[in-house]
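User: Can you walk me through a few local features of this one? I have the structure open.

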Amino acid sequence: MNILLTGGTGLIGRALCKHWLSQGHQLWVWSRSPEKVADRCGESVTGIGDLGDLDQVRLDAVINLAGAPIADRPWTKSRRLLLWNSRIKLTEQLVEWLATRQQKPALLISGSAVGWYGDGGERELSEDDSAVTNDFASQLCAAWEESATRAESLGIRVVVVRTGLVLAAHGGFLQRLRPLFALGLGGRQGSGRQWMPWIHINDQIGLIDFLLHQPGAAGPYNACAPQPVRNADFAKAYAASLGRPAVLPVPALALKVGLGELSGLILGGQKAQPLRLQAAGFQFRFVTLDAALADLRKA
């Protein structure tokens, strides 16, 4: 296939490029630094700074994963604008360009997050459920998805991937946690009862590849393992995988003071279930957190 990616130099994008190059696909990555794409994504991947460079290239699919990290720093006014523009504005620009093409790809797979549901508390959430709360993260995901689904009016099938916390040996969520936990300074956050929907990086790549090859796939899919865990259990399991205790909790008040509204993303959660993926026949390789962490220790 001929595939265009946005966000191709990120954690998921790089892994997708590696996987799809091994399958013989031709890949382009739309990037602000196209000269760095080959080094980050693979020598055979072409970096482009202008979508117009692909006007004469036949595309089979577009994978839209671009977006600044949402949990890296407090949501100041300027940070909110960056988070919005890097997702919604970029997706709008992408769809506008697709509208100008004579030949249009059959499929757009666009990123989102389980944060679309807001803080779900104890509710078990499937793709059929509505958003529970309307915080900034939920609004951001909703607008991101709405921007992507505009491509349906162009005759393009749209798949939305609502991703949980992606666990990888290098980069991503665990990279931020590892220094503290490796020193034995990790622990639950707040009450520790909030649900954490997680997914192993290999399953994340596997499900996107699976959806790419499903001619009937459309709409939202929860990209998270079938067994979410509570925050306190996650902290214990991750600390144990490093041979360390998890005995230093972070009080909710400290998170609220230090992170402001961003703390809601950490103190809340979603008990999300990947029902549509399972119904479609996707098989998760890593169903339990212990199995996922044990595999990542080998990497």
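**Helix H1, Val161 and the voids**

Analyst: Start just after H1, where Gly24 takes a positive phi of about 90°. Keep in mind that this is a predicted model.

User: What does H1 span, and how long is it end to end?

Analyst: H1 covers residues 11-22, which is 12 residues. From its first C-alpha to its last it reaches 17 Å, close to the 16 Å expected at 1.5 Å a residue.

User: Which residues of H1 are buried?

Analyst: Ile12, Gly13, Leu16, Cys17 and Trp20. They cover an arc of only 135° around the axis, so they sit on the same side of H1.

User: Why would residues spaced like that point the same way?

Analyst: An α-helix has 3.6 residues a turn, so residues three or four places apart point the same way.

User: And what is exposed on the other side of H1?

Analyst: Lys18 and Ser22 are exposed there.

User: What do the buried ones pack against?

Analyst: Among the strands, S1 (2-6), S2 (26-30), S4 (61-64) and S8 (165-167). The helices that the buried residues of H1 pack against are H2 (37-41) and H6 (201-212).

User: Switching to pockets. How much space is in the second largest one?

Analyst: About 380 Å³. It is lined by 16 residues, and the closest to its centre are Ala15, Lys18, Ala168, Ile201 and Asn202.

User: Which helix gives the most to that lining?

Analyst: H1, with five residues. H6 and helix H11 (289-298) each supply at least two. By class, the lining of this pocket has eight nonpolar, five polar and three charged residues.

User: How many cavities are there, going by a 30 Å³ cut-off?

Analyst: One of 30 Å³ or more in the whole structure. The largest cavity holds about 50 Å³ of space.

User: What lines it?

Analyst: Gly115, Gly118, Asp119, Asp135, Ala137, Gly264, Leu265, Gly268, Gly269 and Gln270 line the largest cavity. By class that lining has two nonpolar, six polar and two charged residues.

User: Last one: Val161. Buried or exposed?

Analyst: Val161 counts as buried because its relative accessibility is 3%, and buried means under 20%. Val161 is found in strand S7 (residues 157-163).

User: What does Val161 touch further along the chain?

Analyst: Not counting residues up to four places away in sequence, Val161 touches Ile109, Ser110, Gly111, Ser112, Ala113, Gln204, Leu207, Leu211, Tyr221 and Ala223. Val161 and Ala223 are 62 residues apart along the chain, with their C-alpha atoms separated by 6.1 Å.

Conventions: Residues are numbered from 1 along each chain as its sequence is written. This is a predicted model: local features need pLDDT of at least 70, side-chain atom pairs count only at pLDDT 80 or more; totals for chains, interfaces and linings use all residues. Side-chain values use heavy atoms; hydrogens and water are left out. Helices (H or I, at least four residues) and strands (E, at least two) are DSSP runs, numbered from the N terminus. The expected span of a helix is 1.5 Å times one less than its number of residues. Buried means under 20% relative accessible area, exposed over 50%, partly exposed in between (1.4 Å probe, protein chains only). The arc is that of the directions from the helix axis to the C-beta atoms. Contact means heavy atoms within 4.5 Å. On a 1 Å grid over the protein atoms alone, a cavity is a set of points where a 1.4 Å probe fits but cannot get out, and a pocket is an open set with protein on both sides within 12 Å along at least five of seven lines; lining residues have an atom within 4 Å of a point. Grid points are joined across faces, edges and corners, and a volume is the space filled by probe spheres set on the points. Ala, Val, Leu, Ile, Met, Phe, Trp, Tyr, Cys and Pro count as nonpolar, Asp, Glu, Lys and Arg as charged, and the others, Gly among them, as polar.
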